[in-house]
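Okay, thanks for making time, everyone. I'll put the structure up and then walk through a handful of places in it.

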Amino acid sequence: MYRTLISSLALTGLALSLPVAAADKVKVAFVSTLSGPQALLGKHQQDGFMLAIKELNGKLGGLPAEVTQNDDQFKPDVARQLAEKIVKKDQADFVTGLLFSNVLLAMYNPIVDSKTILISSNAGASQVAGKLCSPYFFTSAWQTDQAPAAVSQYVQKTGAKRVFIIASNYQAGQDAANGFKRHFKGQIVQEIYPPLTQPDFSAEISQIAATKPDAVFAFVAGSPAINFVKQYAASGLKKDIPLFSAFTVYGPYLETIGEAALGSRSAAFWTPDMDNPTSKRFVEAFRKEYGYVPSNISAQAYESAKLIDAAVAQVKGKVEDRQALIKALEEAKFDSIRGPFKFGKNHFPVQNFYATEVARTADGKLIESNRGLLVKDDVDPYAQECTMN
């Protein structure tokens, strides 16, 4: 079977186009942070993707799926080397996974410039949603501004008017802070940006206490979030200054954070207690397979596999026909855990966001529990800047 598109053949002076042959398998490069302090997030992402592959009997669109596991080590330079290998040596049909925006941005150009389909199942940097958007890039997750923007509306519903912002100092942290500020109508009393890998937040918590805000908005990325939340609760501030966050007090870290996480509020497009049949089946299957409650990271990765499956089936396995494959992805129909699924013009989902609060399930597990709709059919703010080339 051909895996390389034959565009034309010179025959007796005429260029005759040959039809694209169906592939004999689908090659997927799964990329995530699978070692080091952030590996727990990578496991959630990997488990979600591989559960879908198992449910699909090891196939995508009816073709055998060859999935390679690639560890970016949370290092942009390693990620860029991986991108070169995936494109030139592995010749993958799809690249998926990607936890962090700095890793996504390092891999982005080598992958999309090679006309390889890139489907992020977590990272959603503003650049790739806007001016750097590409027909070869999709995401099953969100643009980083969106959940923080929804959180700002949640904060306003509580009557809080003065907010302190703390966000990790990298692309996603900046996007998160911008998303919150874009829709918050009150006063931002102070904003601070600690290093991405900072382990101790006692100085920052002292600043919060001195400022006496009505609420705190936090986007502390990765494993440092555990220490931040525990230190915040231990300081005694939690009972007087409520903690709102985005991807800080959430699924992967809840059991490790423990009691300190209870009552923290956020916003998400999906929660483990979402009341629809597809979501319930996913949560049940995931808990049975892995023994823990899936996070939004798991859910997004699961959906990325279902998206690929639907698109490959639509093109009848002819994954080398990139234009047909892009169109199939744009129009993909599958049973989504979030309900109806559709893409915006920049290939980011148009979706609802819900208020969440950390609570315990009947069997004692900590989850982000759904507290009702905040934003309906949300479109990220950078879509208007996107012009597909």
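Let me start with a quick one: does N296 count as buried or exposed? With a relative accessibility of 7%, N296 counts as buried, the cut-off being under 20%. Keep in mind as we go that this is a predicted model.

So where does that asparagine sit? N296 belongs to helix α11. Leaving out anything up to four places away in sequence, N296 touches W142, F247, Y250 and W270. Hold on to a few of those names, as they come back when we get to the cavities.

Now, the core. The largest nonpolar core has 132 residues. Inside that core, the residues with the most contacts are F94, M107, F219 and F228. Helix α11, running over residues 296–314, gives the most to this core, with ten residues.

Let's look at F94 a bit more. If you skip residues up to four places away in sequence, F94 touches V26, K27, V28 and A29, and also T116, I117 and I119. Its list goes on with I308, V312, V319, L325 and L329.

Next up, the disulfide. How many are there? The structure holds one. The bond joins C133 to C386, with an S to S distance of 2.1 Å. The torsion about that S-S bond is about 90°, so the disulfide is right-handed. As for location, C133 lies in the loop between α4 (126–129) and β8 (137–139), while C386 is in the segment after β15 (366–378), so the pair ties together parts that are 253 residues apart in sequence. Both ends are tucked away: C133 is buried, with a relative accessible area of 4%, and C386 is buried too, at 3%.

On to the holes. The count comes to two cavities of 30 Å³ or more. The largest cavity has a volume of about 160 Å³. There are 18 residues lining that one, and those closest to its centre are L99, N122, W142, Y170 and F219. You've heard two of those before: W142 is one of the contacts of N296, and F219 is among the residues with the most contacts in the core. What classes of residue make up this lining? The lining of the largest cavity has twelve nonpolar and six polar residues, with no charged ones.

The second largest cavity holds about 30 Å³ of space. Its lining consists of A246, F247, Y250, S266, A267, A268 and E368. Two of these, F247 and Y250, are also contacts of N296. Strand β13, residues 265–268, supplies the largest share of this lining, three residues. By class, the lining of the second largest cavity has five nonpolar residues, one polar and one charged.

Last stop, A355. You'll find A355 in strand β14, which covers residues 351–360. A355 is buried, with a relative accessible area of 3%. Again leaving out residues up to four places away in sequence, A355 touches Y154, S266, S369, N370, R371, G372 and L374. S266 there is one of the residues lining the second largest cavity. And how far is A355 from F49 in sequence and in space? The two are 306 residues apart in sequence and 26 Å apart in space, C-alpha to C-alpha.

That's my tour, so over to you for questions.

Conventions. Residues are numbered from 1 along each chain as its sequence is written. This is a predicted model: local features need pLDDT of at least 70, side-chain atom pairs count only at pLDDT 80 or more; totals for chains, interfaces and linings use all residues. Side-chain values use heavy atoms; hydrogens and water are left out. A nonpolar core is a set of buried Ala, Val, Leu, Ile, Met, Phe, Trp, Tyr and Cys residues joined through side-chain atoms within 4.5 Å. Buried means under 20% relative accessible area, exposed over 50%, partly exposed in between (1.4 Å probe, protein chains only). Helices (H or I, at least four residues) and strands (E, at least two) are DSSP runs, numbered from the N terminus. Contact means heavy atoms within 4.5 Å. A disulfide is a pair of cysteine sulfur atoms within 2.5 Å. On a 1 Å grid over the protein atoms alone, a cavity is a set of points where a 1.4 Å probe fits but cannot get out, and a pocket is an open set with protein on both sides within 12 Å along at least five of seven lines; lining residues have an atom within 4 Å of a point. Grid points are joined across faces, edges and corners, and a volume is the space filled by probe spheres set on the points. Ala, Val, Leu, Ile, Met, Phe, Trp, Tyr, Cys and Pro count as nonpolar, Asp, Glu, Lys and Arg as charged, and the others, Gly among them, as polar.
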